[in-house]
Amino acid sequence: MAAVLIRMKRMNVSDAKIIIAGTGMKMKKYHVNFINQNIVLEAEENSTVAEICEQAGFPLDLVCSGKGTCGKCRVEIEENGKKEVVLACQARLSGPINIYIGENDYSKKHQILECMETEEKFNFDPALKKTYVDIKDLKKQQGEFLRGCDLKTLRKFSSLINEKGIKGVTFVLYEDKIIDVQKNNTTEFLYGAAVDIGTTTVVMYIYDMNTGKLVKSYSGSNSQSSVGADVISRIFKGSSNDGIEELSGKIINTLNNLADKANIEVPFLADNMYNIILCGNSAMQHLFFKLRPDRLGISPFTSITMDFVECYGEDIDLNCPDRCKIIFLPLLGGFVGGDTTAVLLAAGNKDNFKLIVDLGTNGEIAAGSKKGYLVSSTACGPALEGGNIKFGMRGTVGAVEHFKIENDECLFNVIGDAEPDGICGSGIIDITAEMLRNNIIDNTGKMLTSHEYKELNPESSILGKLRTIDGENCFIIYENNEKKIFITQKDIRQVQLAKSSICSGCMSVLKTLGKNPEDVDEAVVAGAFGSYININNALYMGLLPHGLPEIKLLGNGAGKGASMFLLDRKMRKICNNIAEGTSHYELADDNYFSGEYIKNINFIGENC
């Protein structure tokens, strides 16, 4: 049972005030002292350390959904004077403890991927606008100004117009219809947000809706990750009334945290953000709006609705004006959601045949043209985003993001120019490709032992990096007196499964349309993860089919498409056409995909 905090206060341990936490049931409670944060609380017996950390405001990285298999939630605790490192998702409270966690254990600064330019051109013509009317003009013809208003807006106007000293009223309009009124002239401040709700990361782009300029970008971890890194875990959790409340609350809280950060830096944002465009996969849409996702977890994976979902701020607990217009872009079928709709919007409206792959925790594949697309989804994570990898981690400070072997020397870049703590997705692809190029692994994925490698390369200094650790062949990436970071044979197997899934998915979608990779006019890779990978290395290891034209990187296409929808009202028609002209294809039912999946398990090892 999770610990429930009533309130917390930062303090010195010497004069710490105990904060009582509990659920109201008569259960034993024990003191929990967060040493580095100077916080003390009481938690219920049998609560996991992970639950206590989350309730205290320090959520840990539960990539394996708390099953105790990923090892990403290791923390140091002290009980009865004895210190030990435990898995927070497994260790349960049985007495008073001290918890030692540092900022790097719970506070992860993600790389923010800006909306990137595409060939699709659009005008700045937003549906959201403000107009100011002087009090004198209002008194003359207020009935004309208020034509078509709903009762709530009429009531608010009737109150404002009778206030003493009022100089005029600002009308907030969406699609030329008044949705709110403000006292005096506030036309200088008008904002909108485009939000990409990823399974792992949420990115919010704040725009000045008077100029169309990007004001600021913010990103953070999707706090639903504490339930599980994958959508299946969240669908299972959300298939109950209590579960859907919890998961909806988590993603709303994530967005509110980003909005709160923005409100500190952007003048008068909280009172003037009147349009929020959201996109995300099908599960994210359901969980955001408290739509039970049960059917998404059962074949044929159907959604409650695939249409636009629209509401006002007052309908949901977001930190925005009550009359803020909130729109979630339409889904395309199965797990292919509004984020793919946004990517297709950003990819352009040319009448050429495209193959578009959006790489993230889940991989979405689309093939077709503006006349229509065939879309599907396949699991490319969590291995390619650090999950199920011994030293895998997300794209945060301390992650090895690029890697190269040159003259028998291992060269790498680390996010934040820090000492390596682990390896993120782009680094995993580079390392795998370099191991393949340098015969450290063969095409079947087998990692050579030091003895086997010595027979092929007796003079290579790489030899010292091949070791057996805990009975498993490993390749050392980084080592000092205190830590080792390495790739294991099991890690390589996980990469093989992930890369085969993506490549086989692409081939299956193309075959269904009667196409080959050589028939593709334009190949596009989108997604934050996809933006940082070395495409040549991805092709070399067989992540994408061979025979494609030069691959273009779209960046965060979902964020770009959502931004286009926010800034140009004409995008709604194009978005509708995409949704109506798209068909969904379920790979799980395809025997060809199964065959390709087995065939593509092996690495290609061909330069492109």
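**Reading the labels: rings, helices and burial**

Trainee: Why does Tyr597 count as partly exposed?

Mentor: Its relative accessibility is 26%. Buried needs under 20%, and exposed needs over 50%. The value for Tyr597 falls in between, so the label is partly exposed. Remember that this is a predicted model.

Trainee: What makes Phe593 buried?

Mentor: Phe593 has a relative accessible area of 13%. The cut-off is under 20%, so Phe593 is buried.

Trainee: Where do Phe593 and Tyr597 lie?

Mentor: Both are in helix H16, residues 591-599. They are four residues apart, about one turn of that helix. In general, an α-helix has 3.6 residues a turn, so residues three or four places apart point the same way.

Trainee: Now the rings. How many aromatic pairs are there?

Mentor: The count comes to nine under the rule that ring centres lie within 6.5 Å.

Trainee: Why is the pair Phe288 and Phe289 called edge-to-face?

Mentor: The ring centres are 4.9 Å apart, so Phe288 and Phe289 pair. The planes stand at 80°. Over 60 degrees counts as edge-to-face, so that is the label.

Trainee: And what makes the pair Phe593 and Tyr597 tilted?

Mentor: The centres are 6.0 Å apart, within 6.5 Å, so the two rings pair. The planes meet at 40°. Stacked needs under 30 degrees and edge-to-face needs over 60, so Phe593 and Tyr597 are tilted.

Trainee: Which residues do ring pairs link into a cluster?

Mentor: Phe288, Phe289 and Phe328. Of these, Phe288 and Phe289 are buried.

Trainee: How do you know that the charged end of Lys511 sits over the ring of Tyr592?

Mentor: The charged end of Lys511 is 4.9 Å from the ring centre of Tyr592. The distance limit is 6 Å, and the charge must also be within 35 degrees of the ring normal. Lys325 likewise lies over the face of Tyr312, at 5.1 Å from the ring centre.

Trainee: Why is H11 called oblique to H16?

Mentor: The axes of H11 (residues 489-512) and H16 come within 8 Å and cross at roughly 140°. That angle is outside 65 to 115 and not over 145, so H11 is oblique to H16. The crossing is right-handed.

Trainee: Which residues meet there?

Mentor: From H11, the residues include Leu497, Ser504, Met507 and Lys511. From H16 come Tyr592, Phe593, Glu596 and Tyr597.

Trainee: What makes H8 roughly perpendicular to H14?

Mentor: The axes of H8 and H14 (residues 557-567) come within 7 Å and cross at roughly 75°. The range for roughly perpendicular is 65 to 115 degrees, so the label follows. Among the H8 residues that meet H14 are Asp339, Val343 and Ala346. H14 contributes residues including Lys560, Met564 and Phe565.

Trainee: How do you know that H8 is mostly covered?

Mentor: Of its 10 residues, 10 are buried. They run over residues 338-347. Just after H8, Gly348 takes a positive phi of about 110°.

Trainee: Why does Asn253 count as partly exposed?

Mentor: Its relative accessibility is 40%, between 20% and 50%, so partly exposed is the term. Asn253 lies in helix H6, residues 241-265.

Trainee: What share of the protein chain is buried?

Mentor: Buried residues make up 55% of the 608 residues. The secondary structure comes to 16 helices and 26 strands.

Key: Residues are numbered from 1 along each chain as its sequence is written. This is a predicted model: local features need pLDDT of at least 70, side-chain atom pairs count only at pLDDT 80 or more; totals for chains, interfaces and linings use all residues. Side-chain values use heavy atoms; hydrogens and water are left out. Buried means under 20% relative accessible area, exposed over 50%, partly exposed in between (1.4 Å probe, protein chains only). Helices (H or I, at least four residues) and strands (E, at least two) are DSSP runs, numbered from the N terminus. Axes are lines fitted to C-alpha atoms, for helices over the stretch in contact, and angles run from 0 to 180 degrees between N-to-C directions. Angles under 35 degrees count as roughly parallel, over 145 as roughly antiparallel, 65 to 115 as roughly perpendicular and the rest as oblique. A crossing is left-handed if the near helix is turned anticlockwise from the far one by less than a right angle, and right-handed if clockwise. Contact means heavy atoms within 4.5 Å.
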